[in-house]
Amino acid sequence: MNTPILSAHNLVKHFSAGGFGAKRKVVRAVDDVSFELARGETLGVVGESGCGKSTTARLLVQLLTPNSGSVRFDGKVVGPELPLKAFRRQVQMVFQDSFASLNPRMTMIDSIAFGPTVHGASAAEARRKAQDLLDRVGLDPARFGGRYAHELSGGQRQRVNIARALAFDPQVIVLDEAVSALDKSVEAQVLNLLMDLRRERGLTYVFISHDLNVVRHISDRVMVMYLGEVAEIGPASSLYTAPRHPYTKALLAAMPSLDPDRRTHEAPLAGDPPNPIDPPSGCRFHTRCAQAFGPCATQVPSQFAVAKGHLAACHLNRSEETVA
Amino acid sequence: MAVTAENIVPLATVDKSQGYWRAVWSRFLRDKVAVCAGLVAAGLVLMAIFAPWIAPADPLQGTMLKRLSPIGTEGYPLGADELGRDMLSRLIYGARLSLFMGVVPVLIAFAIGSAIGIAAGYLGGWVNTITMRTLDVLYAFPSVLLAIAISGALGAGILNGLLSLTVVFIPPIARVAESVTTSVRKLEYIEAAQASGASSLRIVRDHVLGNVLGPIFVYATSLISVSMILAAGLSFLGLGVSPPNAEWGLMLNTLRNAIYVQPWLAALPGVMIFMTSISFNMLSDGLRSAMDVKQ
Amino acid sequence: MLVFVIRRIFYTIPIMLGVSLVCFALVHISPGDPLVSILPPDASVELQEQMMAIYGFDRSYPEQFFRWLGLAMQGDLGNSIATGRPVASEVFNAVGNTLILAVTATIIGFTLGSLFGFVAGYYRDSWIDKLATGIAVVGVSVPHYWLGMVMVIIFSVELRWLPATGAGPGGSSQWMWDWVHMQYLILPAITMSVIPMGIVARTVRALVADILQQEFVTGLQAKGLLDRGVLAHVVKNAAPTALAVMGLQLGYLLGGSILIETVFSWPGTGFLLGQAIFQRDLPLLQGTILVLAMFFVILNLLVDVAQTSLDPRLQRG
């Protein structure tokens with residue numbers, strides 16, 4: 001198998017939630033998360049809010065430092081083997097809030113051109129690049145280049161944010177709920193733009209969203225997260241048609257569908273996720289799982305390989321081969 | 001170019017993009033009270049600069065025979081002080097030291113306090129905790145008391161006065177700078193800049209400063225009025241500026257004994273302090289609403 | 001609640017330590033040998049060294065600081081250089097007089113300020129509102145020591161209604177709540193009340209305007225409740241914040257009374273400070289400032305606790 005372009009190895013991130021000494025509380029936002037990205041693929045990441053999706057994204061692009069674990073780019077550990085600044089050029093991020101992502105005192109051209117100048121481009125080169133990219137994401141540079149963030153619509157701003165990420169000529173872009181705040185019609189246009197860019201430039205995406213329909217539309221593989229852990233990961237097709245983790249099943253069951261025949265009659269997910277400060281023992285999902293049995297409350301499930309490239313961390317699959 | 005639905009939709013502010021400062025300026029001009037206050041403040045500053053050309057007489061040269069002449073005396077339109085010096089000229093010249101003592105400490109404190117507060121806010125963590133807790137100690141003194149304590153210990157003199165006032169204004173400015181920076185730091189454009197690989201110094205310079213200096217500056221201008229009153233107050237107590245300099249607070253001090261002889265003459269320097277303080281106060285309020293800074 | 005109070009007290013301890021450190025440092029930032037003002041200029045080297053040892057100036061700064069702090073906590077603030085009397089007794093005599101003035105001024109300022117603020121907030125954007133807001137701006141912009149002089153000029157010099165300076169006839173320093181003494185209190189108290197009045201008026205106006213826009217008030221009005229009911233609700237909801245502002249203002253007045261006390265020769269801490277500055281009496285300066293700053297810190301603590309017990313939503317986690 002080829003070297004993955006980007007991989008996460010046992011990432012752990014805890015946030016302090018107050019308290020001192022023995023009473024110190026930590027939020028286990030991301031707990032032992034590992035996965036790999038093949039060059040040119042799109043990995044969708046889904047889960048309820050608070051499951052650690054955004055923290056994973058920020059760990060992946062090194063905006064947060066993990067308590068333990070590492071990120072590798074092209075096989076090299078970021079930090080010791082690959083300088084952070086070189087890594088920054090290769091892996092970029094687009095955020096959910098298109099307005100907060102843009103400096104309100106900078107014009108769109110300046111916002112896009114900032115990245116290249118950090119990496120040594122001259123001001124003129126960077127501006128030219130910014131103009132080309134504005135054009136590429138569908139905004140007339142003559143009309144929009146000199147504007148400020150509040151003078152653009154949400155969809156236009158998100159196009160600028162994509163252009164800003166592209167200005168580094170990166171290989172990987174992490175999109176954290178990048179289209180979630182947009183109107184449906186605008187969302188579709190931006191998704192199409194993302195798919196065009198992926199084809200043209202051979203980009204690799206990590207596409208984080210709570211919208212399972214959108215994730216299915218754009219992703220090759222999908223990772224399901226629950227309370228800071230990977231519940232299930234596998235090819236989009238098999239994960240959507242044959243989910244092997246009860247949590248994935250519940251999420252899919254709660255998914256709105258226009259086709260009445262495809263609506264499931266299973267009980268959707270009840271209640272809110274447990275508090276990540278004090279997660280349940282054993283399998284973290286057992287408190288809400290309809291199929292919980294013997295070992296679920298005490299034993300942490302391993303990642304069982306249920307099909308080729310398809311892993312599920314659920315005791316129901318214990319007859320399968322253990323991977324991790 | 002790809003034609004999409006969104007960029008066909010006309011926007012209210014299309015094409016001629018309005019810079020932030022131009023918008024602030026036009027909003028400010030609509031505020032009549034603030035414009036008047038600004039004109040008065042500008043007038044006072046001009047009066048200080050051009051004092052030698054405006055003042056009819058030497059502010060330090062007195063005629064003993066004219067001591068405490070009432071307002072309206074021939075050749076002394078606003079009377080003469082306890083040493084027979086022309087009041088009008090002393091009031092005009094007084095603008096120099098009085099404005100200097102009122103404005104300069106705020107400017108220095110703005111520079112130092114912003115640097116401390118922005119650094120603490122951007123770096124966060126224990127740097128923030130230690131810096132802000134240390135400043136809390138100075139904050140625990142009422143400002144008048146702290147200014148008097150420091151200049152009382154250092155003794156009279158212009159430099160000592162400037163120093164004590166600067167120390168008084170650093171903690172409040174640093175506090176505001178810290179809270180503004182902390183809120184800006186959490187925004188995603190700062191994360192985006194961090195993801196670009198730029199150094200912290202460059203991010204602060206290019207992305208933080210432009211978004212925090214405005215609110216901090218507005219806050220600092222609101223302190224000028226307090227500073228004017230305090231600076232004159234120090235001279236009034238015999239700290240700060242010393243005789244025979246013309247400074248409004250000091251003039252109030254030396255004329256205080258004359259209130260039974262020429263009461264309204266003795267009150268004149270205070271009118272100048274009041275006028276300066278209130279015009280800076282209203283100017284600062286106008287600036288705040290024009291820049292849309294929430295308190 | 002108890003946890004909050006204890007936490008708040010624990011937070012205050014380092015502040016108090018820092019405040020005493022600043023007060024301690026005052027003597028040491030002062031230019032010149034700290035003994036210069038005690039010793040005759042021709043004192044021998046032996047005498048100088050002897051005095052250094054007696055006052056402890058020959059030891060390291062931390063040692064000096066903790067010795068000084070230890071004595072201060074037992075109520076020993078050293079002796080005044082000018083009078084030779086213990087600083088502590090001088091300060092405590094003066095604090096009483098300052099409290100009389102500051103508390104009276106706070107009560108006047110709070111009453112008038114709330115009244116202005118309330119009316120302004122209730123009739124928002126009317127001419128009354130504009131007038132009250134104008135008065136508030138004047139209140140925070142006026143140099144109060146000058147206002148004091150103007151009061152003296154009007155009521156003592158021109159009209160001769162009230163005495164100009166002092167705290168009693170013939171320089172009497174024994175305060176009594178009778179008309180003879182209270183005449184002396186009126187002018188300084190009114191002058192001083194201008195400071196909190198402006199700030200209280202601003203705060204109350206914002207609070208009242210805010211509460212009136214809340215839905216429950218609209219609901220009350222819709223239910224046909226009389227204006228009196230609405231008023232009661234507004235007062236109940238505005239009171240905790242307004243009282244907190246009043247407490248803090250009292251603290252500022254205690255510390256900021258120096259200029260007004262100087263104008264009126266009111267025998268309080270401010271007057272004492274003025275003397276200390278004039279005579280370069282550093283122990284007196286240091287002791288007075290320490291006591292006033294501690295008053296302010298403790299008052300802050302009390303205000304915080306009182307406000308939190310009135311409004312438990314403010315309890316921070």
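Helix α6 of chain B is mostly covered, with 11 of its 12 residues buried. In this predicted model, the buried set of α6(B) consists of Ser143(B), Val144(B), Leu145(B), Leu146(B), Ala147(B), Ile148(B), Ala149(B), Ile150(B), Ser151(B), Gly152(B) and Ala153(B). The helix spans residues 143–154 and reaches 17 Å from its first C-alpha to its last, close to the 16 Å expected at 1.5 Å a residue. After α6(B) comes Gly155(B), where phi is positive, near 95°.

Confidence along chain B deserves a word before turning to its neighbour. The pLDDT of chain B averages 85, and 93% of the residues score at least 70. Residues 1–16 of chain B, however, stay under a pLDDT of 50, and for this stretch the model has 21 contacts beyond four places in sequence. Where pLDDT is low, the predicted coordinates should not be read in detail.

Chain B also meets chain C, in a contact that takes 36 residues from chain B and 43 residues from chain C. On the chain C side, at least two residues each come from α1 (2–29), α5 (127–141), α6 (144–158), α9 (227–256), α10 (258–264), α11 (269–278) and α12 (282–310). By residue class, the side of chain C that touches chain B divides into 34 nonpolar, 8 polar and 1 charged.

One of the helices contributing to this side, α1(C), can be followed further. With 28 residues, α1(C) reaches 40 Å from its first C-alpha to its last, close to the 40 Å expected at 1.5 Å a residue. Buried positions in α1(C) are Val19(C), Ser20(C), Val22(C) and Cys23(C). An α-helix has 3.6 residues a turn, so residues three or four places apart point the same way. The cover over the buried residues of α1(C) includes elements from two chains: α5 (125–139) of chain B, together with α3 (61–73) and α12 of chain C.

Chain A offers a view of strand pairing. Strand β1 (residues 6–16) of chain A runs antiparallel to strand β2 (residues 26–37) of chain A, and 9 bridges join them. Within this pairing, Lys13(A) has Val30(A) in β2(A) as its bridge partner. β1(A) is also joined by 5 bridges to strand β4 (residues 68–73) of chain A, again in an antiparallel arrangement. Here Ser7(A) of chain A finds its bridge partner in Arg72(A) of β4(A). Strand β1(A) thus pairs with β2(A) and with β4(A).

Definitions and conventions: Residues numbered from 1 in each chain as written. Chains lettered and ligands numbered in written order. Predicted model: local features only at pLDDT ≥ 70, side-chain atom pairs only at ≥ 80, totals over all residues. Contact = placed C-beta atoms within 7 Å. Helix = DSSP H or I, 4+ residues; strand = E, 2+ residues; numbered from the N terminus. Nonpolar A, V, L, I, M, F, W, Y, C, P; charged D, E, K, R; others polar. pLDDT = per-residue confidence, 0-100. Pairing = 2+ DSSP bridges. Expected span 1.5 Å × (residues − 1). Buried ≥ 20, exposed ≤ 12 C-beta atoms within 10 Å, placed from the backbone.
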